[in-house]
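Reader: I'm a first-year student and this is my first protein model. Could you walk me through it, one question at a time?

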Amino acid sequence: MSKYLEMDITSIHELLVNKKIKPIDLVEEALEKIGNNEARAFITIDYEGARKQALELENIEVEKDNLLFGLPIAIKDNIMVKDLKCTCASHILENFVSIYDASVVKLIKDKKMIIIGKTNMDEFAMGSTSETSYFGCPVNPWNKDKVPGGSSGGSAVCVASHITPFALGSDTGGSIRQPASFNGIVGMKPTYGRVSRFGLVAFASSLDQIGPMTTNVLENAILLNAISQKDEKDLTSFETKEDFTRLIGEDIKGMKIAVPNYFVSSVVDSKVVERIKEVCDFLIQKGCIVDYVDINHIDKAPILYQIIAMGEASSNLARFDGIRYGLKEDSNTLEDLYKKTRSKGFGREVKRRIMVGSYILSGENAKIYYNKALQIRDDLKKSFDKVFNDYDLIIGPSSSRVAYDLNNNMDDPLKCFMDDILVMHANMGGFPSLSLPVGLIDNLPIGMQIMAKHFNEATIYKLASFIEKEFKVEEVK
Amino acid sequence: MSYKKTIGIEVHCELKTKEKLFSPSLNNYGSLANSNANIIDLGYPGTLPTLNKEAILLAIRACKVLNCKIRKIQHFDRKNYFYPDNPKNFQITEERTPIGYDGYVEINDDGVTKKIEILEMHIEEDTSKSIHSKETTLLDFNRAGVPLIEIVTKPCIHTAKEATLYLEKLRELLLYANVSDCKIEEGSMRCDANISISKTDTLGTKIEVKNIGSITNVGLAIEYEGKRQAEILDAGEKLQEETRRYDAKLDKTILMRVKETGNDYRYFPEPDIPYLVLTDEMIEEVTKNIPVSADIRRKKYQEAGINEININKLIANKDLSDYLEEFTNLNLKTASNLLLGDIQAYLNKVNKSILETKLTKDKMIKLVSYLDDGKISHKNFKDIVLDIMETDKEIDTILEEKGIQNVVDNTLVLEIIEKVLKDNENVVLDYKNGNERSLKFLMGQVMKESKGSVNPKLANDLLIEKLK
């Protein structure tokens with residue numbers, strides 16, 4: 001088996017330009033690595049389409065200024081790719097074939113990237129282990145007994161296994177960054193509005209954001225360059241064309257960095273805290289100013305998340321009713337159709353969240369819970385904004401612990417939210433946030449989170465790239 | 001002591017936009033079923049709403065003509081409920097921040113002016129249309145996402161007549177502002193009435209009569225409900241909150257469903273649409289461009305000397321009234337006679353709007369001036385109406401082709417008059433003895449002799465002169 005896909009993309013691009021390899025070689029390598037899909041990274045593999053596109057690209061000149069030309073990519077299965085199934089890892093959409101391309105997929109296709117398939121995930125992105133997938137949980141390449149993280153677990157496994165150099169994920173409360181952390185790759189949740197959500201099956205509309213998952217920082221920034229654009233079809237998107245790689249390689253001396261005390265408190269595994277502090281010491285050594293700070297409401301994120309995300313989800317998922325598309329159960333009455341289709345079509349976690357969300361929005365509860373949560377969310381955002389007045393970046397762990405045993409959360413639905421207590425703030429405030437591998441603990445990758453104020457992804461990439469290159473850890477076994 | 005009725009009215013009007021409220025599909029009544037439905041209208045997963053600015057501008061216009069205050073910062077809300085005609089199973093509406101509030105419509109009830117107060121007006125999307133057949137129900141998503149405004153009055157209406165006057169006035173205001181077609185029969189205007197009766201100041205139990213098929217029927221439904229509710233209360237029974245419909249054939253309201261305690265629509269702010277901020281400039285721009293209202297047109301027609309009957313006909317026929325608005329210096333009286341006479345007869349016959357004919361502005365101006373100058377008569381016009389409406393020919397060419405002589409030459413008219421007087425010496429004598437009716441007869445003879453080709457006014461004047 002060839003190993004081109006383990007090289008950096010600049011090297012692959014050179015091989016393509018010099019006609020040493022063709023796009024089809026990359027596609028065949030990716031398909032070979034997928035094999036029988038034993039890792040369950042994919043829900044749909046587009047053998048035919050990917051090969052066809054690769055062969056078609058042979059008819060045109062390799063675009064020299066387009067590093068992404070002919071490179072394979074995997075798309076999370078809650079993002080629409082025309083003519084491919086879009087299941088959201090749910091029985092209710094098991095046979096749903098998309099009739100349109102998400103705006104982000106159009107941009108990917110414009111760059112002549114080759115879509116290999118649709119990646120596995122938690123059902124409707126609800127979970128942080130990918131165990132709620134109707135199609136079975138993807139396998140963590142570092143340790144098959146550990147969860148791959150979620151909800152973008154399939155995308156993370158795909159990139160970590162070098163099946164494709166890139167994948168798209170979506171992040172509502174850590175769903176890109178936590179699996180990136182568990183798989184030792186780089187995952188970015190951009191600023192809310194940076195990437196169009198048109199064609200992303202909505203989970204919680206005010207929190208959802210699509211982002212790139214890659215093996216390294218530079219490639220992450222390059223993919224974000226390709227997918228971020230204002231979209232007339234998404235009223236929450238912004239006009240923000242810029243080069244995200246532009247600060248990579250600059251000196252980090254003098255950068256002001258805040259570490260929330262909460263991020264290194266007892267809610268986080270002590271080994272994880274230790275590693276983050278090592279990184280902080282390293283940054284101080286390199287001339288950064290690192291302060292430990294308190295941030296108001298920082299501990300409230302999981303509560304806000306449950307109220308806002310579930311409230312919105314209960315409404316967003318109402319359209320799956322068996323009438324226009326998706327699963328339809330035989331029934332005699334309308335009410336029966338709704339009940340049977342939705343009972344059978346949705347998994348346990350999704351049903352639980354729809355029920356909690358409906359309760360939260362019901363009657364007076366909307367005032368007590370939802371409206372209150374929106375207020376506190378606003379306060380939370382303001383307290384982060386205040387920190388960003390004084391600091392360039394906020395850093396901390398991406399997850400409170402490294403990948404843990406499979407089936408660990410199943411008995412307690414609240415546990416899975418605890419994974420994401422450190423990453424939900426970025427969704428609440430719309431801030432960009434990236435997870436970067438900073439070595440291993442017990443042979444499992446650990447991720448560090450770097451967060452910035454709105455539209456400051458370039459600053460995040462600058463620090464992330466520096467740490468990626470310069471920070472070396474003594475691997476402790 | 002008798003019961004006093006208290007009525008509140010809710011009206012939904014479809015806005016006359018080119019596209020739908022949240023998608024670029026066409027807003028076009030009467031298209032082939034489901035031909036104006038895209039993935040957004042069908043509620044496909046992954047789709048997001050866009051916002052049609054034209055709809056917002058029309059809603060502002062509606063606020064203006066209904067004297068509503070305008071809310072400058074609005075957000076949309078989701079109203080969550082399951083129904084097959086509701087593609088997302090939520091409707092995007094303005095529950096908490098309606099665009100308009102505290103407005104009024106003035107009605108004239110037998111010379112007494114009354115303000116019907118408007119509580120609020122909000123923007124929302126229409127549902128798809130259910131078409132029920134024996135075996136199944138079909139859905140037409142052409143209507144899904146069409147922009148609506150809902151106008152809600154305060155419970156300040158007390159008689160069926162006030163209700164119908166309000167609805168007629170509301171319809172006229174929105175129609176003339178070009179906000180909506182307001183066609184009840186096509187569903188672009190829908191009326192619900194909330195009716196209660198009471199002998200005291202405390203309001204009685206509210207009964208809602210939904211989707212009443214015409215303004216007249218709203219009045220009938222209110223009368224019927226008033227009687228029905230009084231009979232129940234007089235029998236010592238209690239009313240319950242319910243939703244009914246009005247059956248025009250039976251002249252009865254019929255129970256649809258009993259209202260359950262508070263519908264739970266789980267409203268929350270629509271996260272996919274940012275706050276809508278209206279600027280003063282935007283509102284001013286809209287205000288400047290509101291078409292001339294029916295009331296102002298009425299006044300103009302009165303000043304032009306058009307009679308009440310014709311004024312009402314013109315106002316009822318907005319196409320013709322709009323057509324007249326195109327002219328600045330036209331004899332409106334002559335023009336309206338022309339429009340409401342042979343032209344309207346022609347339009348009705350061929351089922352066309354005046355804009356679809358070949359009656360250009362220039363032609364109209366010439367016609368009116370020829371009529372005023374006596375170059376042609378109304379009778380002449382009958383003969384040439386088809387050519388005028390259906391061909392590009394010049395009027396002079398048509399007249400020539402038809403052999404219609406413009407008898408404006410006095411000597412020619414005098415010749416005819418002299419012949420008539422000679423042939424009717426007895427009648428002339430009668431006239432001279434004071435029989436005024438003889439003049440009419442003689443005039444008739446002149447017209448007959450000239451085959452209608454003389455200008456009647458001219459002939460009349462000459463005839464009187466000759467008889468002196």
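Reader: How far apart are the C-alpha centres of domain 1 of chain B and domain 3 of chain B?
Author: Quick ground rules: this is a predicted model, where local features need pLDDT of at least 70, side-chain atom pairs count only at pLDDT 80 or more, and totals for chains, interfaces and linings use all residues. Residues are numbered from 1 along each chain as its sequence is written, while chains are lettered from A and ligands numbered from 1 in the order in which they are written. Chain B is divided into domain 1 (4–280), domain 2 (292–402) and domain 3 (410–467), with bounds that come from an automatic or database domain assignment. Between the C-alpha centres of domain 1 of chain B and domain 3 of chain B, the distance is 63 Å.

Reader: What is the radius of gyration of chain B?
Author: The C-alpha trace of chain B spans about 90 × 60 × 50 Å along its principal axes. For a compact globule of 468 residues you'd expect a radius of gyration near 23 Å (taken over C-alpha atoms, with a globule rule of 2.2 Å times the number of residues to the power 0.38). Chain B itself has 29 Å.

Reader: What percentage of the residues of chain B count as buried?
Author: Here's the rule: a residue is buried if 20 or more other C-beta atoms lie within 10 Å of its own, exposed if 12 or fewer, and partly exposed in between, with C-beta atoms placed from the backbone. Apply that to the 468 residues of chain B, and the share that counts as buried is 38%.

Reader: Which strands of chain B stand at the edges of the open sheet β5-β4-β15?
Author: Strands (E, at least two residues) and helices (H or I, at least four) are DSSP runs, numbered from the N terminus, and two strands pair if DSSP finds at least two bridges between them. The sheet has 3 strands in the order β5-β4-β15 of chain B, with antiparallel pairing. Each edge strand has a single partner strand, so one side of it is left without a neighbour in the sheet, and the edges are β5 (90–93) and β15 (268–269) of chain B.

Reader: Which residue of β15(B) stands opposite Arg78(B)?
Author: Strand β4 of chain B covers residues 77–80 and pairs with β15(B) in the antiparallel sense over 2 bridges. Opposite Arg78(B), in β15(B), you'll find Phe268(B).

Reader: Over to chain A: how many residues of strand β3 are buried?
Author: β3(A) has company: β1 (residues 42–45) of chain A joins β3(A) by 3 bridges and runs antiparallel, while β2 (residues 72–76) of chain A joins β3(A) by 5 bridges and runs parallel. Phe42(A) stands opposite Thr119(A), and Pro72(A) has Ile114(A) as its bridge partner. Strand β3 (residues 114–119) of chain A is mostly covered, and its buried count is 6 of 6.

Reader: Why do the buried residues of α10(A) line one face of the helix?
Author: The buried ones in α10(A) are Tyr338(A), Thr341(A), Arg342(A) and Gly345(A). The face turned away from them carries exposed residues, including Glu335(A) and Lys344(A). Seen down the axis of α10(A), the buried residues line one face because they fall within an arc (of the directions from the helix axis to the C-beta atoms) of 90 degrees.

Reader: Which element gives the most to the side of chain A that touches chain B?
Author: Two residues are in contact if their C-beta atoms, placed from the backbone, lie within 7 Å. By that test, 32 residues of chain A are in contact with 24 residues of chain B. The elements giving two or more residues to chain A's side are α9 (301–316), α10, α11 (348–361) and α12 (365–390) of chain A. The one that gives the most, with 3 residues, is α9(A).

Reader: Is Ser130(A) buried or exposed?
Author: Ser130(A) lies in the loop between β3 and α5 of chain A, and has a positive phi of about 70 degrees although it is not a glycine. Most residues other than glycine have a negative phi. With 35 C-beta neighbours inside 10 Å, Ser130(A) counts as buried.

Reader: What is the omega of the peptide bond from Gly150(A) to Ser151(A) near?
Author: Ser151(A) lies in the loop between β3 and α5 (153–160) of chain A. Most peptide bonds are trans. The bond from Gly150(A) to Ser151(A) is cis, with omega near 10 degrees.
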